[in-house]
Amino acid sequence: MLAGELYRAGDAEIQADQASAKSWMVRYNAALGASAAERRELLRELLPEVGDGAVIRPPFHCDFGYNIRLGPNVFLNFNCVILDVAAVTIGAGTQIGPAVQIYTADHPRDPSIRKTGAELGRPISIGQNVWIGGGAIILPGVSIGDDAVVGAGAVVTRDVPQGATVFGNPARQTAK
């Protein structure tokens, strides 16, 4: 799974890791009234890298958590979902609006392989000082460059260059 190869989501080890993440999410999402510092300590229980000043407002949902890395001063607003079957890296100072969905989880295009239940993941990299508007969806394998802007509701299907502004479905770069 972590190597981007086909895997079975029903595998016992994968199911155990997801159960652990679900238990953590119950505690994290119940901490809405806690301070940002208290929630950051909870984040550090699950995520391997949580930069100083990073904030995720509950409710928050993920598959595993251990594939998510947040730089300093990253902000995710309410109701974000990160399907992290592969690495998700979010750079320093990036701001992510409410209900943004980040999907590394993918499925084979070949229907005969898809029929077997096999899945795969492709990593997502979001640079520094990026702003992603509410309700945007970031699809598997996408990289978003530093200082980029993703408009609210955009569906990002391909890489976004550094400093670019994209919006729409599928997301397209604005003319300068």
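Two strands count as paired if DSSP finds at least two bridges between them. Keep that in mind for the views below, which come from a predicted model.

**View 1. Strands E5 and E8 sit side by side in an open sheet.** Start with E5, residues 68-70, and E8, residues 88-90: they run parallel and are joined by 3 bridges. Look for Ile68, whose bridge partner in E8 is Val88. Zoom out a little and you'll see an open sheet of 5 strands, in the order E2-E5-E8-E13-E16, with parallel pairing. Strand E2 (49-50) and strand E16 (143-144) stand at the edges with a single partner strand each, so one side of each has no neighbour in the sheet.

**View 2. Strand E12 pairs with E1 and with E11.** Here's another bit of strand pairing. E12 and strand E1 (residues 7-8) pair in the antiparallel sense over 2 bridges, and Tyr7 stands opposite Glu119. Strand E11 (residues 105-106) also pairs with E12 in the antiparallel sense, again over 2 bridges, and there Ala105 stands opposite Gly121. In a regular strand, side chains alternate between the two faces of the sheet. Both faces of E12 (residues 118-121) are covered: Ala118 and Leu120 are buried on one side, Glu119 and Gly121 on the other.

**View 3. The largest nonpolar core has 41 residues.** The residues with the most contacts inside this core are Phe60, Leu70, Leu76, Ile90, Ile102, Ile132 and Ile144. Several elements each chip in at least two residues, including helix H2 (36-46), strand E7 (80-83) and strand E13 (124-126). Helix H1 gives the most, with 4 residues. Pick out Leu70 and check what it touches beyond four places in sequence: the list is Leu47, Glu49, Val50, Gly51, Ala54, Ile56, Leu76 and Ile90.

**View 4. Tyr7 belongs to another core, of 5 residues.** This core lies apart from the largest one, and among its members are Tyr7, Ile14, Phe64 and Val85. Tyr7 is in strand E1. Is Tyr7 buried or exposed? Buried means under 20% relative accessible area, and Tyr7 has 8% relative accessibility, so it counts as buried. Setting aside residues up to four places away in sequence, Tyr7 touches Met1, Ile14, Val85, Gly117, Ala118, Glu119, Leu120 and Gly121. For a sense of scale, Tyr7 and Lys22 are 15 residues apart in sequence and 20 Å apart in space, C-alpha to C-alpha.

**View 5. Trwo ring pairs gather around Trp24, Tyr28 and Phe60.** The structure holds 3 aromatic pairs. In one of them, the rings of Trp24 and Tyr28 have centres 4.9 Å apart and planes at 15°, so this pair is stacked. Both residues lie in helix H1, 4 residues apart, or about one turn of the helix. Trp24 also pairs with Phe60: the ring centres are 6.4 Å apart and the planes stand at 90°, so this pair is edge-to-face. That pair links distant parts of the chain, with Trp24 in helix H1, Phe60 in strand E4 and their positions 36 residues apart. Trp24 is buried at 4% relative accessible area, while Tyr28 and Phe60 are buried at 0%.

**View 6. Asn29 reaches over to Phe60.** Asn29 is in helix H1. Its side chain reaches the backbone nitrogen of Phe60 at 2.8 Å. Leaving out neighbours within four places in sequence, Asn29 is in contact with Pro58, Pro59, Phe60 and His61.

Notes: Residues are numbered from 1 along each chain as its sequence is written. This is a predicted model: local features need pLDDT of at least 70, side-chain atom pairs count only at pLDDT 80 or more; totals for chains, interfaces and linings use all residues. Side-chain values use heavy atoms; hydrogens and water are left out. Buried means under 20% relative accessible area, exposed over 50%, partly exposed in between (1.4 Å probe, protein chains only). A nonpolar core is a set of buried Ala, Val, Leu, Ile, Met, Phe, Trp, Tyr and Cys residues joined through side-chain atoms within 4.5 Å. Contact means heavy atoms within 4.5 Å. A polar contact is a pair of N or O atoms within 3.5 Å; within protein, one must be able to donate a hydrogen and the other to accept it, and residues adjacent in sequence count only if both atoms are side-chain atoms. Rings of Phe, Tyr and Trp (its six-membered ring) pair if their centres lie within 6.5 Å; planes under 30 degrees apart count as stacked, over 60 as edge-to-face and the rest as tilted.
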